Amino acid sequence: MKIPFGAITITPLAKQLAMEALESGRVSSGQLVRRFEQRFAELVGASEAVAVSSGTDAVVLALACLYERGAQRGDEVILPALSFVATGNAVLQAGFTPVFVDVRRETLNIDPSRIERAITPRTRAILPVHLMGKPADMDAIMAIARRHELAVIEDAAEAHGAKYKGRNVGAIGDLAAFSLYVAHIITSIEGGIVTTNDAELAGVLRSLRSHGRACKCDVCVVNTGSGECRRRFEHGTDIRFVFERVGFSAKMNELEAAVGLGSLEIYDAIVTKRHANLLAMMDVVTSFGPLLQTFREEPHEFLGPHALPVLVGADAPFTRDDLVLHLVSKGVDTRNLFASMPTQCAGFAYLGHRWGEFSEAEYVGDKGFHVGVHQEIEPEHIDYFRDVLATFMKERA
Ligand SMILES: Cc1ncc(COP(=O)(O)O)c(C=O)c1O
């Protein structure tokens, strides 16, 4: 038996829309992208959504919005030490200085009790990550942000479907970034999307994804093929070649939006199935405690069922890599549970952090991995997962 890490469902609607786009010749960002944005915004409960070419770009562009509100290049953004490295890369790509804060091992998320001491006069934003679909402690984070007049940008890349105190993750901070990469619950194969309730920032995001152009309309009549643009020569010169800000090349195309629209059609069924798989697989892991540990779903939250995180206990007589090798050799695919960006990812070494400064994140970086909970995992796969773990424990623990 095999348990692959991920599974993608490309629906008949997605195929039909993609084929129509291919046959029409309108394949660059157009009406399908706009339709996808509107549906995604409705789902999250935000008034605006702007689709881009990756989850990383979604974080970068959301951060770049800070320049509209007075931020300067080199200003600081607070983020958890533990995340997929894209979160830290995005801060640098947007031109800011990352200021890392350790996480809580039990939640995998930024430890709010450590945030305030990381704030300086140059701090502009807090960038919490809802890692593995577990909502960050948003009440505490929003309260700190309000006290210090900081923006909050949620990295919700892995948190499709997650709820915090009855609210959808992605509609709590000022802006939120989702990944639509193939391993995620809503996917456009590659892609990302930013949600916000700020119409002005949504316009800025549309400009940012297209080189900083002065074009910010929510529906572009040129791109959607629905007519002539009356604003094009409004100021005497072609508005599409007026560049208002430093921008990026980060548009989503129609074929990606077609897959995304298909993905939205089956969203409820996929979330339900993945959430049930996640809870059942969490029970399996917990039954091997304290040698194996995972997080919990608290009464105030609904975990976005992205994947199942597993931590090897501190006193276990085996390493994470021993267990991962065993699982992979038995057909259960895994991914490591990321790392402490400042101390375990070489790209951030220039910041001069020392091993031990982010001990919780480092622990997860050494001892954590995750496995899929996707829609093609059935009860017999979960039984197999339990058996494979039990065999290992019998031999090694
Ligand atoms: C927490 C987090 N942030 C950002 C990203 C970047 O998304 P993408 O791979 O679509 O660029 C990912 C990717 O999965 C992620 O897990």
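**Close-up 1. Helix 5 has an exposed face and a buried one.** On the face of helix 5 that points away from its buried side sit A143, R146 and R147, which are exposed. This is a predicted model, so read every view here with that in mind. Helix 5 runs over residues 138-148, and its buried residues include M138, I141 and A145. Why do these three count as being on the same side of helix 5? They cover an arc of only 65° around the axis, and that puts them on the same side of the helix. Among the elements covering the buried residues of helix 5 are strand 5 (123-126), strand 6 (151-155) and strand 7. Just after helix 5 comes E149, and its phi is positive, near 55°.

**Close-up 2. Three strands make up an open sheet.** The strand order is 8-7-12, and the pairing is antiparallel. Which strands stand at the edges? Strand 8 (167-168) and strand 12 (301-302) do; each has a single partner strand, so one side of each is left without a neighbour in the sheet. Look next at strand 7, residues 163-164: its antiparallel pairing with strand 12 runs over two bridges. If you want a spot to zoom in on, try Y164, which stands opposite E301 in strand 12. Strand 7 also turned up in the previous view, as part of what covers the buried residues of helix 5.

**Close-up 3. P305 sits in a loop, yet is it buried or exposed?** The loop in question lies between strand 12 and strand 13 (307-312). P305 is buried: 29 other C-beta atoms lie within 10 Å, and 20 or more is enough to count as buried. Leaving aside residues up to four places away in sequence, P305 touches G133, G161, V271, R274, H275, N277, L278 and V373. For a sense of scale, take P342: P305 and P342 are 37 residues apart in sequence, and from C-alpha to C-alpha they are 27 Å apart in space.

**Close-up 4. Fifteen residues surround the ligand.** Of the 15 residues around the ligand, the ones that come nearest are S54, G55, T56, A157 and S179. Two elements, helix 3 (55-64) and helix 4 (86-93), give two or more residues to this shell. Which of the elements gives the most? Helix 3 does, with three residues. As for chemistry, the shell around the ligand divides into six nonpolar, seven polar and two charged residues.

Methods. Residues are numbered from 1 along each chain as its sequence is written. This is a predicted model: local features need pLDDT of at least 70, side-chain atom pairs count only at pLDDT 80 or more; totals for chains, interfaces and linings use all residues. A residue is near a molecule or strand if its C-beta atom, placed from the backbone, lies within 6 Å of it. Helices (H or I, at least four residues) and strands (E, at least two) are DSSP runs, numbered from the N terminus. Ala, Val, Leu, Ile, Met, Phe, Trp, Tyr, Cys and Pro count as nonpolar, Asp, Glu, Lys and Arg as charged, and the others, Gly among them, as polar. Two strands pair if DSSP finds at least two bridges between them. A residue is buried if 20 or more other C-beta atoms lie within 10 Å of its own, exposed if 12 or fewer, and partly exposed in between; C-beta atoms are placed from the backbone. The arc is that of the directions from the helix axis to the C-beta atoms. Two residues are in contact if their C-beta atoms, placed from the backbone, lie within 7 Å.
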